[in-house]
Amino acid sequence: MSHHTTTATDLRRGLWLGALGVAIFALTLPMTRLAVGQPDAPLMSGQFLAMGRAVVAAGLSALYLLATRARWPQRDQWMPLLLTSLGVVFGFPLFTSIAMRHVAAMHASVIVGVLPLATAAVGAVLHRQRPSWQFWAWAGVGSALVVTFALTHAGGGGLGLQAADGLLLLAMACAAVGYAYGGRLSRQMPAEHVICWALLIGLPLSAPLAWDSRPTSAMPLSAWGAFAYVAVGSMWLGFFAWYRGLALGGTVRVSQVQLLQPFLSMLFAVPLLGEQLDLPTVLFACAVVATVFAGRKAPVGSPAKTDNPSLTSLNSKGNAS
């Protein structure tokens, strides 16, 4: 695979598509909260929301792949697709869906706000890059801020890390892996096909899990509307825009727009959930974003030399947060 040279037009289109993907993803946490309800008024189970949305998106993916006469992935692409599926089809949706019944969307937005830096760490390992000590220092500061926020904003008052916060951190790790591998694959196949194949790979597991956890009582229309959004938007179309933007404009530059996601999630939570935006939450979000931005600016060593030209071009991508 030859190295892709990013033109000014490609970069501009990539940034706009990346921003569109981030805007779609930013609604995920508030919509998830709307679908699963609260501890005193539970609605859909986290398992059904996560697996049900994957089943719906997999059905749309099958139709799309047939309509576009997509080629089957190559043999060496199946394992990265499986890892992408484990990260963004299973891990992130399942852990966030369970956690969002117990924490406010704004609280979750701050914790997940460190995702770009986590993805950078995974990308550094995946692409055999050597980030500087400054990079890891900022990564540590960002992680410390997230843990501090979780400890000081635990439910029920007082200090203490909620189980839901641990689930959100696991979700962040899963997404980092899925974004890194998915972004890498978007240079080897049409970007839209990456999430489609990842969803279809997971269908033999997601379908029975969704059926087993299906609602047994009537759900309000708002919950089904939120389910439809996370199935079609968050789990499918959002990745069309996101991975295409990464492929066009280059991962490092386009991924910068994801810094807007915590703020957009907080803004969406106000009209959708009636949550109030307080000053400490805004300050923590700004601090986390600042560490991510500083970490991005820290030097990152060149990838190790390789005899595989396709891997060399992929290594130049960086991470896909």
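Q: Let's start inside: which residues line the second largest cavity?
A: First the idea: on a 1 Å grid over the protein atoms alone, a cavity is a set of points where a 1.4 Å probe fits but cannot get out, and lining residues have an atom within 4 Å of a point. Here the lining is Leu29, Ser109, Val112, Gly113, Leu115, Pro116, Gln258, Gln261, Pro262 and Ser265. Helix H5 (105–112), helix H6 (115–126) and helix H12 (261–273) each give two or more of these residues, and H12 has the largest share, with three. Helices are DSSP runs of H or I with at least four residues, strands are E runs of at least two, and both are numbered from the N terminus.

Q: Before we go on, what kind of model is this?
A: It's a predicted model, where local features need pLDDT of at least 70, side-chain atom pairs count only at pLDDT 80 or more, and totals for chains, interfaces and linings use all residues. Residues are numbered from 1 along each chain as its sequence is written, and side-chain values use heavy atoms, with hydrogens and water left out.

Q: How many cavities of 30 Å³ or more turn up, and what is the volume of the largest?
A: A volume is the space filled by probe spheres set on the grid points, which are joined across faces, edges and corners. The search finds two cavities: the largest has about 140 Å³, and the second largest about 70 Å³.

Q: Which residues line the largest cavity?
A: Phe25, Thr28, Leu29, Arg53, Val88, Phe92, Val112, Ala175, Tyr179, Ser234, Phe239 and Gln261 do.

Q: How do the two linings divide into nonpolar, polar and charged?
A: Ala, Val, Leu, Ile, Met, Phe, Trp, Tyr, Cys and Pro count as nonpolar, Asp, Glu, Lys and Arg as charged, and the others, Gly among them, as polar. The largest cavity has eight nonpolar, three polar and one charged residue in its lining; the second largest has five nonpolar, five polar and no charged.

Q: What does pLDDT say about this protein?
A: pLDDT is the predictor's confidence in each residue, from 0 to 100. The protein averages 83, and 85% of the residues score at least 70. Among its elements, helix H3 (residues 46–67) has the highest mean, 97, and helix H14 (residues 309–315) the lowest, 38.

Q: Where does pLDDT stay under 50?
A: Where pLDDT is low, the predicted coordinates should not be read in detail. Here that stretch is residues 304–321.

Key:
1 Å grid on protein atoms, 1.4 Å probe; cavity = no way out; pocket = protein on both sides within 12 Å on 5 of 7 lines; lining within 4 Å. Contact = heavy atoms within 4.5 Å.
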